[in-house]
Amino acid sequence: MRDSYVSAIYNATKINSNVLCIVGDIGSFLLRHYIEDFPANYLNLGAAEANMVGVAAGLAMSGKIPFVYTITPFITARCYEQIKLDVCHNRANVKLVGVGSGVSYGTMGSTHHSLEDIAIMRVLPNMTIFSPSNKQEVEEAVFAAMKLKDPVYIRLTLTANSTDKYRGKFEIGKARIVRKGQNAAIMATGDMVSIAINAAKALEKNNINCFVIDFPTLKPIDESLIKKLSEKCKAIISIEEHSVVGGLGSTIGSVLSQYPNNKTCFKILGFNDVFCGEYSSDKLKLFEEYGLSTRNLVKTMLDLFNS
Amino acid sequence: MRSKQNREVLQLELKATELRKQILEMIVTARGTHIASAFSIVELVLYLYKNVLRIDPKNPNEEKRDKFVLSKGHGCAALYVVLADLGFFPKKLLNTFTSFGSILGGHPDRSKIPGVEVSTGSLGHGFSVAVGFALANKMNHSKYRVYCLVGDEELNEGSNWEAAQIAAHHKLDNLSLIIDENKLMISGFMKDILDSFSLKEKFRAFGWNTIEVNGHNFSDLSEKFKLAPIKNGKPIVMIADTIKGKGVSFMENKKEWYSVLPDEEQMDVAVEELNSNIEKLREQLEI
């Protein structure tokens, strides 16, 4: 995903010289071609994220389109008040890009995890949130962010490297049906989309035909598709590499609970209000431990569907 | 016959005193707060807008302009009376200060007030945004400058020192930081509660040009603002020696006046002092 971001920001700068690539002292090797070709568009503002976001707001209010890139907890939680005030309240055209979201830095522990970032960014007025699930969506998210004259947060993991092509154009606020189903749905974002696809395949033999819905935009959420599926599906599960509090599942739950024609049973899978206390360079092991594996998703759907 | 220069100084002093009276009446009418914080920056803000900033009040969003960021947003009453005086918005709006539907809140909002570049109020934000403005001006080869006013207590916030480092590293000699060094925190004197030590030495160590100025003396302000810009690749900090509550004797250097409002009797004393000073200045100007 990092490679996809580097290529996307390169291509964006090529067509719009106001695009700036700002980093908090990471990615200098990955960005070496960018730095060489667009030295005037590149700024390394060091390990000083609060200031970095304020500076980006000043640049944005001067007509630039700064994409500010560093590890997710440092571009969200650490500088949260700067995001709330300098960016969102001033309505500055800043794009915050968090890399290694969720538990992507699996060996690094909770300092480098972000299981609360969607929750805290979602609550800010004027903020749009993208959460790409593959290389194609990273490029789409960067270009959509460049065109939107408002604050954007792009949540990148490290591992969603699928080169699968999704059909249909990327639209802000629209979810993607990546697998058609009939009587159930799995709603996912980021790395969880591929897990959802695997689970949906496994559930076929139990006569559960799952839609798999990918949410490349988390805010605004695609209410209309959620409502439509809630009338059609016996069970819906949301799954995310994030706390069950305040993320994709909470957003969907809020839509469902306020929709009178909702006929579905709904369950949220995510980190169950806990820090991730295990270490592994294999993220799937962490997913297994915290109930985000294909196996657990299948089991949860069977239980919910047959309840 | 007074020299032209003296007359200009007297006129500014008269204006500053009249504006203090407006600030006092505006805040007291609104049952607001931060009188003393606004009083300490009246001369600084007035001088900047009258003599330094290249901004057209009728066209405040004109691309070619200097930018001013009031990072200590709680001192906004001083900014509002200056902006109204210069015609950024009608003076009668001052009467609506902090009331429902007003554009003039207890902290300045850029989406509402013509001439306000950044919404501020939470300490430690404006300086970084000003650095962003200055960086953009450098990128665009713009000759326009950026001025940012912070409080000395505000420099407790660590984000300012991140901004100071970045500004020096990027050689932002198009940026002037002005520190309202009134030496008082909410709870008392800084030296007793959280000593800022020598701001001059700190900024020098960060790679800045430093200038010290009497923040209430227009002759000194005139002289020191002439020193800037210094085109030596370093940003400039102007450390202004000021008095919190300046202009009303019983409010000066008293921590209480950070948030307290005068009662009727105190208000009479304050207005009388300001009126008497206005009268004296008018006499000196023979108007």
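Mentor: Domain bounds are taken from an automatic or database domain assignment. The model is predicted: local features need pLDDT (the predictor's confidence in each residue, from 0 to 100) of at least 70, side-chain atom pairs count only at pLDDT 80 or more, and totals for chains, interfaces and linings use all residues. Residues are numbered from 1 along each chain as its sequence is written, while chains are lettered from A and ligands numbered from 1 in the order in which they are written.

Trainee: Into which domains is chain A divided?

Mentor: They are domain 1 (2-155) and domain 2 (176-305). The centres of domain 1 and domain 2 of chain A, taken over C-alpha atoms, are 26 Å apart. Their contact (C-beta atoms, placed from the backbone, within 7 Å) takes 24 residues from domain 1 of chain A and 25 residues from domain 2 of chain A.

Trainee: How should one describe two packed helices?

Mentor: One gives the angle between their axes and the distance between the axes. Here axes are lines fitted to C-alpha atoms, for helices over the stretch in contact, and angles run from 0 to 180 degrees between N-to-C directions. Helices (H or I, at least four residues) and strands (E, at least two) are DSSP runs, numbered from the N terminus. In chain A, helix 8 (residues 192-203) packs against helix 12 (residues 294-305) of chain A at about 50°, the axes being 9 Å apart.

Trainee: Which residues of helix 8 of chain A meet helix 12 of chain A?

Mentor: Among them are A:Ile195, A:Asn198 and A:Leu203.

Trainee: What ipTM and pTM does the predictor give the complex?

Mentor: The ipTM is 0.93 and the pTM is 0.95. For chain B, the mean pLDDT is 96.

Note on methods. Contact = placed C-beta atoms within 7 Å.
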